[in-house]
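Open the structure in your viewer and keep the selection panel at hand. The stops below are meant to be taken in order.

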Amino acid sequence: MRRVSIAVLAFLAASFAAQAQVQSVKLITPRLFGHFIGDILKVEVDVRVDDGVELVPASVPQPGSLNQWLELSSSQVESGSDHGATLYRFYLSYQTFYPALDARQLDIPGFTLSFKSGDHIYPAQVPTWSFGISPLREVLPPARESGGAYMQPSVPPAFYDTRWDACRALGLAGAGLLALALLAYHLAWWPFAARAHRPFAQAARVIRKDLANEDARRGYRDAIIALHRAVDQTAGHAVLPEDMPGFFAKHPAFARMQEEFTRFFASSQSLFFGDNLVAALASFSSVDLRRFSDNLAAAERSAS
């Protein structure tokens, strides 16, 4: 919007009782010519006042009809500090409905804003300003055969070639599917869940299901077995507690979990050789087992 500052008014309050006052009023308008019926004219009004001087909200113009051809569509105000003073900025939108038959100047009426400091009221006069409006048609157009001949056809919609957008969308969709496939492969999701070299990832999923079994004893037992099988598959043979040093030497990614492996084997021995579920859970609870299987799957994924 080409803005034209048409007035800068210094407004000094004639008050001897207080030093606070309105310092300036600045009106910023759109272009002053070339408007038509229905146009919206956006105006900004900057009022600079001393600190401590406050706006009286009731003095702000409210949206509504101003006369037969002019309407105030919206009014907003914001304020902020400005080099030791307070700047109030008003945003006003006017819409004209004047059916001009010739080019002419029209006036947007001014108004008075009120500010206060203590018991003192300080007015700020926003000036009247003018703009030029133009007609949409000739005053005496040439005679036509029918009234419809004066109507101008609607502007056809512009053609927008969407082939490039469609190609780009397909490319992005393909890239997204490829990224999803790579992520599924990395995390051993379906259809890569059965990857032979991700036994701990498979075991983690099985263990979550087993531990959700209503028969807690059976679920815990099946979960322990699933983790044993994952250890055996990773090692390539059946693994006993005394085999763990060799297992860690061959698979160093799991070496930092030696303490958990020790507790796991102790729990397994209590469950399968002592038939003591209480001792097994005391050594390695269901929560510990699930967290251990998830950590093993993560270590396996990082090592691959």
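Begin with the whole protein chain, which in this predicted model is divided into domain 1 (20–133) and domain 2 (199–303). Give each domain a colour; their centres, taken over C-alpha atoms, lie 76 Å apart.

**Stop 1: a three-strand sheet**

Select E4, E9 and E10. They form an open sheet in the order E4-E9-E10, with antiparallel pairing. Strand E4 (54–55) and strand E10 (120–126) are at the edges and have a single partner strand each, so one side of each lacks a neighbour in the sheet. Now keep E4 and strand E9 (residues 111–117), which are joined in the antiparallel sense by two bridges. Show Glu-54 and look across to Lys-116 in E9, its bridge partner.

**Stop 2: strands E8 and E11**

Next select strand E8 (residues 104–108) together with E11; this antiparallel pair has five bridges. Within the pair, Asp-107 is opposite Ser-130 in E11. Is E11 enclosed or open? Four of the five residues of strand E11 (residues 129–133) are buried, so the rest of the structure largely encloses this strand.

**Stop 3: the largest nonpolar core**

Show the side chains of Val-45, Val-47, Phe-90 and Phe-115. These have the most contacts inside the largest nonpolar core, a set of 31 residues. Elements that give two or more residues to this core include strand E2 (22–29), strand E6 (70–82) and strand E7 (85–96), as well as E8, E9, E10 and E11. The largest share, five residues, is from E3.

Centre the view on Val-47. Beyond its neighbours within four places in sequence, Val-47 has contacts that include Val-22, Val-25, Leu-87, Tyr-88, Phe-90, Leu-113, Phe-115 and Ala-124. Polar names are also among its contacts, including Ser-24 and Thr-86.

A second core, separate from this one, has 28 residues, among them Tyr-220, Val-239, Leu-271 and Phe-292.

**Stop 4: helix H3**

Select helix H3 (residues 216–235). Its 20 residues reach 29 Å from first C-alpha to last, close to the 28 Å expected at 1.5 Å a residue. Colour the buried residues of H3, among them Tyr-220, Ile-224, Leu-227, His-228, Val-231 and Thr-234. To see what covers them, add helix H2 (199–211), helix H4 (244–250), helix H5 (258–272), helix H6 (277–283) and helix H7 (286–303), which are included in that cover.

Finish at Gly-236, just after H3, where phi is positive at about 90°.

Key: Residues are numbered from 1 along each chain as its sequence is written. This is a predicted model: local features need pLDDT of at least 70, side-chain atom pairs count only at pLDDT 80 or more; totals for chains, interfaces and linings use all residues. Side-chain values use heavy atoms; hydrogens and water are left out. Buried means under 20% relative accessible area, exposed over 50%, partly exposed in between (1.4 Å probe, protein chains only). Two strands pair if DSSP finds at least two bridges between them. Domain bounds come from an automatic or database domain assignment. A nonpolar core is a set of buried Ala, Val, Leu, Ile, Met, Phe, Trp, Tyr and Cys residues joined through side-chain atoms within 4.5 Å. Contact means heavy atoms within 4.5 Å. The expected span of a helix is 1.5 Å times one less than its number of residues.
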